[in-house]
Amino acid sequence: MEKEIKGEDLKIELRTLTKDDYLGLKSSMMEAYSEWEGASFWGETHINKLVEIFPEGQICILVNGAIAGCALSLIVNYDQFGDNHTYTQITGNYSFSTHNPKGDVLYGIDFFVHPDFRGMRIGRRLYDARKEICERLNLRAIIAGGRIPKYKDYADQLTPKAYLEKVKGKEIHDPTLSFQLANDFHVRKILKGYLPGDTQSLEYASLLEWNNIYYNEEEANINSKKSIIRLGLVQWQMRPFPNLESLCEQIEFFVDVVSDYQSDFILFPELFNAPLMTAYNHLSGAEAMREISNFTIPLRDKFMEYAISYNINIITGSMPYLEDGVLQNVGYLCRRDGSYEMYRKIHLTPSEQSAWGMVGGDAITTYDTDCGKIGILICYDVEFPELPRLLAEEGMQILFVPFMTDTQNGYTRVRCCAQARAIENECYVAIAGSVGNLPKVHNMDIQYAQSAVFTPSDFSFPSNGIKAEATPNTETTLIADVDVDLLKELHSFGAVRNLKDRRLDIYKIVSKTKK
């Protein structure tokens with residue numbers, strides 16, 4: 001984008017911002033916000049990030065080579081935030097992780113004009129350029145949180161709503177709000193606490209919107225994400241299998257059954273292949289576990305074959321995996337497109353360490369699927385709330401938890417923690433475990449399970465937070481539909497908003513490692 005207007009002694013240029021503009025940009029910002037006590041300024045790393053992720057959304061106007069004004073923007077999926085958001089949330093705590101090229105709204109995160117160039121319609125040029133971007137990218141609207149800097153002069157006489165009405169009626173001139181109203185923006189609502197430290201506005205802001213009348217909602221194509229996702233959970237019976245082939249026959253039976261119901265996912269339990277240990281009863285538990293780790297890769301390959309042939313995403317529960325002498329508890333996400341990824345149990349129970357000599361993994365990640373982002377945590381991992389919270393911050397909508405518990409006490413820990421994770425992270429949680437007995441298999445002789453799908457507890461969901469649950473201690477399958485669009489509504493309009501209402505100003509969870 002580039003426009004020029006030449007006069008006898010004046011050259012005005014509208015163009016996209018570059019990284020080389022930073023020093024001039026900073027100088028202009030400091031002058032523009034000179035009357036705002038305590039105002040902070042974008043650092044060079046912030047500007048560089050914006051230019052990298054969304055170059056055409058960062059525009060500036062130069063007058064005789066000097067930056068006279070600037071408008072910075074992101075594209076967001078507005079349904080994820082709704083009208084009750086803060087500036088920190090919409091910018092991803094200033095990381096711009098909220099930018100989504102497939103979003104529907106152009107969100108203005110900054111806009112300023114250098115005082116020396118006011119009165120030259122610099123601001124109008126910038127707004128017109130923003131509108132062109134919105135139309136060209138087929139976004140439905142421009143939304144921004146606007147300061148109301150004159151409100152502090154009227155706060156003892158007027159409520160924010162009354163102040164807004166008087167600005168609309170031109171009884172009061174607010175340098176920011178009056179300008180935005182004149183540029184065809186309307187106020188959706190007044191926000192409180194939008195921008196902490198904005199003492200001039202008393203931390204109030206007007207949530208402004210300009211609608212793109214040329215917006216055409218694109219029809220969903222064959223590859224678009226589904227709203228209703230069908231989950232299939234296997235409550236697996238532990239019993240001796242004479243060989244790997246007979247175990248695979250039982251696996252394929254369940255995949256076949258669940259896929260007949262057009263399920264999108266099937267979840268197997270933790271260490272479901274433990275029956276293979278019966279052939280190694282003469283060995284110690286640690287030795288037997290290492291022996292059956294030899295079957296893990298062949299089983300993975302079988303799961304991949306089933307995922308493709310039955311057109312279903314398979315979460316393989318978990319199996320022992322030996323690499324360079326290190327034994328871990330791992331599983332695989334086998335997608336129906338033929339791709340796969342490994343996940344590892346991070347927190348090991350004392351018995352896993354002492355009886356089998358297992359070592360925990362160190363990767364915390366979400367997985368992209370044709371049904372959206374999912375998370376997978378193995379059994380004990382779900383009892384640590386930090387892990388699902390990190391996954392939720394990456395956009396996880398469904399958390400799958402394969403588990404194995406021998407007593408009702410252990411099962412209760414997994415179940416109660418899984419239900420808590422669904423509420424606090426505004427997601428669905430599916431748990432699947434094993435039942436039955438394995439005589440003479442060390443540390444694996446008895447099992448207790450009741451597989452279930454848990455939801456947040458709000459008006460759009462079951463009041464007890466349970467979407468579906470299997471009969472306890474019986475081999476069976478559980479089929480349940482979950483609606484991920486309800487999670488978006490909950491995030492913005494729920495009776496409580498656990499993710500939005502976090503006090504990120506006083507606490508935050510940070511992952512030290514990424515996959």
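Okay, let's start with one pair of residues: Val63 has Ala66 in β4 as its bridge partner. Quick reminder before I go on: this is a predicted model.

So what are the two strands here? β3 covers residues 59–63, and it pairs with β4 in the antiparallel sense, over five bridges. Together β3 and β4 make a hairpin, with two residues between them. Have a look at Asn64 in that turn, because I'd like you to spot its backbone angle: the phi of Asn64 is positive, about 50°.

Now the other partner of β4. That's β5, residues 105–113, which also runs antiparallel to β4, and eight bridges join the two. If you want one pair to find on screen, take Val76, whose bridge partner in β5 is Val105.

Is β4 mostly enclosed or not? Ten of its eleven residues are buried, so β4 is largely enclosed by the rest of the structure.

Let's walk on along the chain. After β4, which spans 66–76, there's a loop leading to α3 (87–90), and Gly82 sits in that loop. Buried or exposed, this glycine? Gly82 is buried: its relative accessible area is 5%, and the cut-off for buried is under 20%.

Which residues does Gly82 touch, if we skip its neighbours within four places in sequence? The answer is Ser492 and Lys500. And for a sense of scale, pick Val234: it lies 152 residues from Gly82 along the chain, and their C-alpha atoms are 37 Å apart.

That's my tour, thanks!

Technical notes. Residues numbered from 1 in each chain as written. Predicted model: local features only at pLDDT ≥ 70, side-chain atom pairs only at ≥ 80, totals over all residues. Heavy atoms only, no water. Helix = DSSP H or I, 4+ residues; strand = E, 2+ residues; numbered from the N terminus. Buried < 20%, exposed > 50% of the residue type's maximum accessible area, 1.4 Å probe, protein only. Contact = heavy atoms within 4.5 Å. Pairing = 2+ DSSP bridges.
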